[in-house]
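Reader: I am new to this structure and would like a close look at a single part of it. Please take the metal site, go through it step by step, and then follow the chain into what lies around it.

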Amino acid sequence: MSLSQRLLVMLLPTILLVVFSAAWFTYLGLAQLTRTSLQSGLEQEVGFLVRQMKEEVKYSHSALARFLSSAQSIRYLNALDYDELNTDEFTRYTHEMDLHRIAGRLQRSQPNISLIAITTKALQTKLVVGGQDPFSGLTVPNWLKKHLLNTQSAVANSPSGMNLLYRDNNGEIKFALARAVSSHLLLGDTSIANDPDYFFGIIIADVTSIKDTLPKLKQRYEQLSIDISVSSDASFDTSEAKITSHWRDATLVIKIEHALMQAKIELETAKVSAITDLQQQVALSALALALLTFLLISLIIQKQVLAPIQGVLADINSSKTSETLSLRYKNSRNEVAQLNNGYLELFDLLYEQAETDSLTGLSNRQSFHQQLQRHIARASQEGSTSALLYIDLDNFKRVNDHYGHNEGDRLLQLFAAKLVNTVRPNDTVVKRDQRHVSRLAGDEFAVILNNLRSPEIAAKVAQRILDILKNGIEVNGHNHPVHASIGIALIPQDGESLESILNHADAAMYQAKKRGRNRFQLFNEDIARAMRERAMIEDTLELSLQEQTFQLVYQPVIDADTLQTVGFEVLIRCPALQSKGIGPDRFIPIAESCGLIKRIDMWVLERAISKLEQLQTRHQFNGSIAVNVSAMELQNDQFPQQLKALFGKYHVQAKYLELEITETSLVDINEKTLLALNKLKALGLRLSLDDFGTGYTAFNQLMSFPVDILKIDRSFVQAIGEATDNSMIDIIFTLIEHYQLEVIAEGIETELQANYLRQLGCKKMQGYLFSQPLPENAIEAWLENHFKRLEA
Ligand code: C2E
Ligand code: CA
Ligand code: CA
């Protein structure tokens, strides 16, 4: 999971958790606050309601008192006392009209008064007034009358009368007030109880406060339930109502307790919109806050942490594909800068270790390959031209052999330093540019030149490199005549893959060597053709080995005096190549360089030894057989063992076998090859130094070689009679005589040559004068005529 994904996965839940728990506590607090404010609000309203009720009761009291103590009422009561009203219709009418007027006035100021009545002590209604219509048929409810009858004396005894709340037929709560009254006592005088004929004044009023306020409350507080029960008992005082409130879970319960009524008001706050809205609001704000916080934090982390890391990553990635390193040292102390710098330091360290050649400080082979690969890619992208210079030092091995490895190493270091200076561009010297100069192995170097304007520039640089070595290189006071051979391949003209460029530069370098060293060679069509031919030869050799189509021919070796055959030299033929005019002098060196030679040598040896056994058993042949082997066999530890096995297998004595090794291949002879030669000799066979005279071996050195026979090279024989003086061959024979070595002269084509050699004391001869190399099936016929068993 990437860091940004991780950020998303971890940050969001964390923020949600934190914000929502905070929101939960906030909600709890706010809900509590809301509830308390609901409670106090409702308590206030209820208190207000109760006060209003009290006022109303008070107004009703004073209204009844005003009504009853008015002169008209007293007059009316007085008239009642004296029964005037029953006797005098007019008086009654005037009195009643007066009272109607007063009642009307009262009702106008207090519209809730629905009825004012005067009854006798026995509750016989004398007068009912109320409303504008005197004939509206208002009556005092019978149950009230009954109630008054039952509580008659209590009413009379109470100075303020009896108060009662009740529900009328419609369920509406009404207030009733009754008090005793008489025409000759002051209102509220309790001695009225002793009066035999007093009256009751009754007032009935709507309780407006309940009627109006309750629906309003209900509207304001949804979820409000109000339960009012009026007490059936009347009360004689209007003492204070008791208001209490408490919580039952989330329900607010307010109770009003009064002598006239009990009310229970419940508010289920959980369902109150103020609270449910609060829940929603808090949840929504929490969500918004969480998202905002998340966005903000991610933005900060993205900008401050991830982006710098991603920047470093991008630099690292682009550095992988481009030639130049996109990472730069950062001048900051933060962790990302430290990471960046640490990476660079580590990179530099590893780069130093992995890409440089520790001896010269140049790039090593691996780094060189990467470089080259990049140049190839760039050449194809940009259409530019680069050149690969493949440099091989000539004669370097001699420095190592004669002056020791330390001196050799020092020489390489000096050369490397000069090489860098020679190819370095004149302008800025960047450390990385050294990568264009590499040491590939031992004394092999490579230089890559980029953006070449023309191939001539590569040639010029190559010449400058050759000039470094013009006067040799001086190390520790010794001047070493070391030179270079340089092969040049152009990119992309001379190849578009790493392998082909390397091969072509290498081939050009070999061409330079072949042309005499101390020179450079541009890869060209001739070299390309030679390479193609070489590849064809390799393929043919491989195939010939697999299909066993090689053939052997045998060239007789002749005794100079008797002209009898004393041996044969075995020579290989490859018919598939022969038809193209390619003989062993061409294909054997190729077999050597591509590693096929070991298998070829073993094939020839086995074939030759089995032939020798055949000749020995069938023809009592006791001459020798000479087989050419590559000097590479001297590096092959298994070779002596393999040979021995062949002798055993074919029951042939080793002494009949001569192994021919060319002198030139022994030029660089060392202890290891000497040991190998001795091991071979120890098998009992004889060693012959082929092409003697071409290798310029110092004669005294030659004597330390465990060789038995020298084969004088054909070139010396051919010179006999052609050149004016034969001094070379004369000298060779003088020396041979001195060291008492056996000599075979080969390539004798004329009697003149044969006679001259005879006269020099040459005992064995070989050449077309005597016989061409014979095919296998011609040997036996040859032996019939040219072989006499030799004395032991
Ligand atoms: P070499 O060992 O010096 O072989 C002698 C070469 O001289 C042979 O060439 C032979 O055919 C040729 N020759 C002999 N007499 C005359 C003559 O009178 N006049 C002229 N002009 N040439 C004469 P060939 O067979 O082409 O072999 C060339 C070289 O290939 C050999 O040189 C040897 O170095 C190598 N070679 C041949 N056969 C083998 C083999 O089986 N194994 C290995 N390792 N090398 C072989
Ligand atoms: Ca030979
Ligand atoms: Ca030879």
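Author: What follows goes through the calcium site, then a residue that touches it, and then some elements further along the chain.

The model is predicted, so local features are given at pLDDT of at least 70 and side-chain atom pairs at pLDDT 80 or more, whereas totals for chains, interfaces and linings use all residues. Residues are numbered from 1 along each chain as its sequence is written, chains are lettered from A and ligands numbered from 1 in the order in which they are written, and side-chain values use heavy atoms, with hydrogens and water left out.

Start with the calcium ion (ligand 2). Its protein donors are Glu569 (OE), Asn628 (OD1), Glu660 (OE) and Asp690 (OD), at 2.1 to 2.3 Å. A donor here is an N, O or S atom within 2.8 Å of the metal, or within 3.2 Å for Na, K and Ca; water is not among the atoms, so a site may look incomplete. Along the chain these donors have the spacing E-x58-N-x31-E-x29-D. Glu569 belongs to strand β18 (residues 565–573) and Asn628 to strand β19 (residues 624–628), so this pair ties together parts that are 59 residues apart in sequence. Strands (E, at least two residues) and helices (H or I, at least four) are DSSP runs, numbered from the N terminus.

The two strand donors can also be described by their accessibility. Glu569 is buried, at 4% relative accessibility, while Asn628 is partly exposed, at 23%. Buried stands for under 20% relative accessible area, exposed for over 50%, and partly exposed for what is in between, with a 1.4 Å probe and protein chains only.

Asp690 leads on to the second ion of the site. This residue bridges the calcium ion (ligand 3) and the calcium ion (ligand 2), and the two ions lie 4.0 Å apart. Asp690 is buried, with a relative accessible area of 6%. The calcium ion (ligand 3) is coordinated by Asp690 (OD), Asp691 (OD) and Glu746 (OE), at 2.0 to 2.5 Å. Their spacing in sequence is D-D-x54-E. Asp691 is partly exposed, at 23% relative accessibility.

A lysine touches donors of both ions. Lys711 is placed in strand β22 (residues 709–712) and is buried, at 1% relative accessibility. Setting aside residues up to four places away in sequence, its contacts include Glu569, Glu660, Asp690, Asp691 and Glu746. Glu569, Glu660 and Asp690 are among the donors of the calcium ion (ligand 2), and Asp690, Asp691 and Glu746 are those of the calcium ion (ligand 3). Contact means heavy atoms within 4.5 Å. Lys711 also touches Ser688, Leu689, Phe692, Ile744 and Gln766.

From here the chain can be followed to helix α24 (residues 751–760), in which Gln753, Ala754, Tyr756 and Leu757 are buried. Seen down the axis of α24, these buried residues fall within an arc of 165°, so they line one face of the helix. The arc is that of the directions from the helix axis to the C-beta atoms. The face of α24 turned away from the buried side carries the exposed residues Leu752 and Gln759. The cover over the buried residues of α24 includes two helices, α22 (714–719) and α23 (727–739), and two strands, β23 (742–746) and β24 (764–766). Just after α24, Gly761 has a positive phi of about 100°.

Beyond that, Ser771 sits in the loop between β24 and β25 (774–775). At 6% relative accessibility, Ser771 is buried. Apart from neighbours within four places in sequence, Ser771 is in contact with Gln555, Pro556 and Trp782.

Two loop residues have backbone angles to note. Gln548, in the loop between α15 (525–547) and β17 (551–559), has a positive phi of about 55° although it is not a glycine. Leu563 lies in the loop between β17 and β18. Its phi is near 65°, again positive in a residue other than glycine, and at 40% relative accessibility Leu563 is partly exposed. Strand β18 brings the account back to Glu569, where it began.
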